[in-house]
Amino acid sequence: MGILARVGPNMGNGTSQVLNSQQDLDSIPMAGGGLSRLAIARLQSAGVPVVPLLKRVGLTPEVIGDPEERLSVRSQVALLDEAAIALKDDRLGFTLARDFEPRELGLLYYVMASSQTLGHALKRVARYSQITNEALVVRYREGNRLIISLSYSGVPRHLDRHQIEFCMFAILRLCRVLTGQNLVPQYFLIAHYRSEGISEMTRFVGTKVEFGADKDEFALNLDARELPLTHSDSYLNDLLLKYCEAALADRRGNVSQLRTRVENAISSLLPHGRVVVDDVARSLGMSKRTLARKLSDEGLNFSEILQQLRRDLAGRYLDDRKLHISKIAWLLGFNEVSVFTHTFKRWTGKTPSQMRATAPSSDFVQDG
């Protein structure tokens with residue numbers, strides 16, 4: 001089985017690359033593939049041919065059919081995008097999170113379920129989530145609230161919707177399943193923008209789901225940390241913790257490519273106006289000069305990364321036909337629609353409205 005068949009085509013900035021060394025392979029965040037297999041099962045139950053879809057994302061039926069095979073996280077993100085289109089389910093991550101059997105998470109589920117309290121269980125998922133997905137960073141913290149936040153390492157956050165939505169809604173659902181209580185978050189934030197299909201998500205969560213936020217995070221009442229779990233078993237938990245620690249040691253470290261880290265930092269700043277390199281450097285824990293040097297060492301340029309990210313996001317936002325062009329301009333950090341329109345035409349040779357006019361469907365909104 002070739003390396004490219006395992007890791008998929010979307011390795012760099014949307015282009016296919018050949019992996020020339022073990023070091024290249026080790027830099028790719030991998031996942032257990034359970035979410036991909038849930039999506040494939042959904043496709044098969046709907047009678048959708050999966051082989052052509054798998055081929056488009058660089059995977060094979062043999063890889064998907066072997067539960068021991070790990071997939072690159074980028075392949076999983078691409079697969080979910082393709083599956084959502086094929087199923088005509090633009091909320092695929094949410095619907096899978098709502099419907100899946102929690103025990104399919106395997107070791108991660110059981111070490112959570114056997115914990116004594118919800119607080120202990122959430123600390124377990126924060127520590128061990130990278131066993132199942134090396135790109136996923138889960139943070140647990142306590143203050144006035146019990147807060148769970150998610151972020152990506154080594155994978156551009158702006159390329160994904162379905163995987164992060166699955167993770168956010170699945171963790172909330174697990175909190176409810178494990179405690180037997182219909183816990184309602186104080187807030188529920190998702191970083192990417194979504195203009196429709198939100199009402200069902202809001203009903204599920206029990207409070208407003210805020211899209212286009214500056215982070216992926218939700219908060220529960222602090223008292224929730226003391227809630228006992230229905231299947232708590234201290235002896236089993238002690239045993240499973242040993243397995244989890246061993247599995248965590250077998251996984252590679254938290255590898256984060258510099259370009260991806262810069263893109264993810266920029267993505268959270270774009271809607272707030274002008275993106276300043278000093279702010280990005282500060283969020284990455286380095287000086288402006290250090291960031292420039294590190295980018296130069298890799299043949300990268302901050303301005304080019306920013307412009308390419310804006311261009312990629314513009315294409316995604318324009319696919320959302322209910323999203324006004326003025327809103328897209330704001331989401332991309334442009335103070336005026338005219339500046340966005342001029343910049344987009346320089347990128348593509350067309351204005352945003354002209355680009356939408358060439359799309360096959362006509363049920364879109366134009367205001368640019």
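What follows is a short conversation about how some labels in this predicted model are earned.

Reader: Let's start broad. What makes up the secondary structure of the protein chain?

Author: The protein chain has 19 helices and seven strands. Of its 368 residues, 49% are buried. The chain exposes about 17400 Å², and carbon and sulfur atoms supply 49% of that area.

Reader: Why is Arg 194 called buried?

Author: Buried means under 20% relative accessible area. Arg 194 has 4% relative accessibility, so the residue counts as buried.

Reader: And what makes Asp 90 and Arg 194 a salt bridge?

Author: The rule asks for a side-chain nitrogen of Lys or Arg within 4 Å of a carboxyl oxygen of Asp or Glu. Here the closest N and O atoms are 2.9 Å apart, so the pair qualifies. The two partners come from distant parts of the chain, 104 residues apart: Asp 90 is in the loop between helix 6 and helix 7, and Arg 194 is in the loop between strand 5 and helix 11. Asp 90 has a relative accessible area of 36%, so this partner is partly exposed.

Reader: How do you know that Glu 245 and Arg 127 form a salt bridge?

Author: The closest N and O atoms of Glu 245 and Arg 127 lie 2.7 Å apart, and the limit is 4 Å, so the pair passes. Glu 245 is in helix 12 and Arg 127 in helix 9, with their positions 118 residues apart in sequence. Both are called partly exposed because their values, 33% for Glu 245 and 46% for Arg 127, lie between the 20% and 50% cut-offs.

Reader: What makes Arg 225 and Glu 142 a link between separate parts of the chain?

Author: Arg 225 lies in the loop between strand 7 and helix 12, while Glu 142 lies in strand 3, so the pair ties together parts that are 83 residues apart in sequence. Their closest N and O atoms are 2.6 Å apart, and with 4 Å as the limit the pair is therefore a salt bridge. By this rule the count comes to 19 salt bridges. Some share partners: Arg 42, Arg 91, Arg 98, Asp 99 and Glu 200 are joined into one network.

Reader: Why is strand 5 said to be covered on both faces?

Author: Tyr 187 and Leu 189 point to one side, Phe 188 and Ile 190 to the other, and all four are buried. Strand 5 pairs with strand 7 in the antiparallel sense and with strand 6 in the parallel sense, over three bridges in each case. Leu 189 stands opposite Glu 217 in strand 7 and opposite Glu 210 in strand 6.

Reader: How do you know that the span of helix 13 is close to the expected one?

Author: Helix 13 has twelve residues and reaches 17 Å from its first C-alpha to its last, against an expected 16 Å at 1.5 Å a residue. Its buried residues include Leu 258, Val 262 and Ile 266. Among the elements that cover the buried residues are helix 6, strand 4 and helix 16.

Reader: Last one: what makes Leu 107, Leu 236, Leu 239 and Tyr 243 a nonpolar patch?

Author: Patch members need over 30% relative accessible area and no salt bridge, and nonpolar side chains are joined within 5 Å. These four form such a patch on the surface, with about 350 Å² of accessible area together. Helix 12 gives the largest share, three residues, and Tyr 243 is placed in that helix.

Notes:
Residues are numbered from 1 along each chain as its sequence is written. This is a predicted model: local features need pLDDT of at least 70, side-chain atom pairs count only at pLDDT 80 or more; totals for chains, interfaces and linings use all residues. Side-chain values use heavy atoms; hydrogens and water are left out. Patches are made of residues with over 30% relative accessible area and no salt bridge: like charges are joined within 9 Å, nonpolar side chains (Val, Leu, Ile, Met, Phe, Trp, Tyr) within 5 Å. Accessible areas come from the Shrake-Rupley method with a 1.4 Å probe; for residues, only the protein chains shown count as cover. Helices (H or I, at least four residues) and strands (E, at least two) are DSSP runs, numbered from the N terminus. The expected span of a helix is 1.5 Å times one less than its number of residues. Buried means under 20% relative accessible area, exposed over 50%, partly exposed in between (1.4 Å probe, protein chains only). Contact means heavy atoms within 4.5 Å. Two strands pair if DSSP finds at least two bridges between them.
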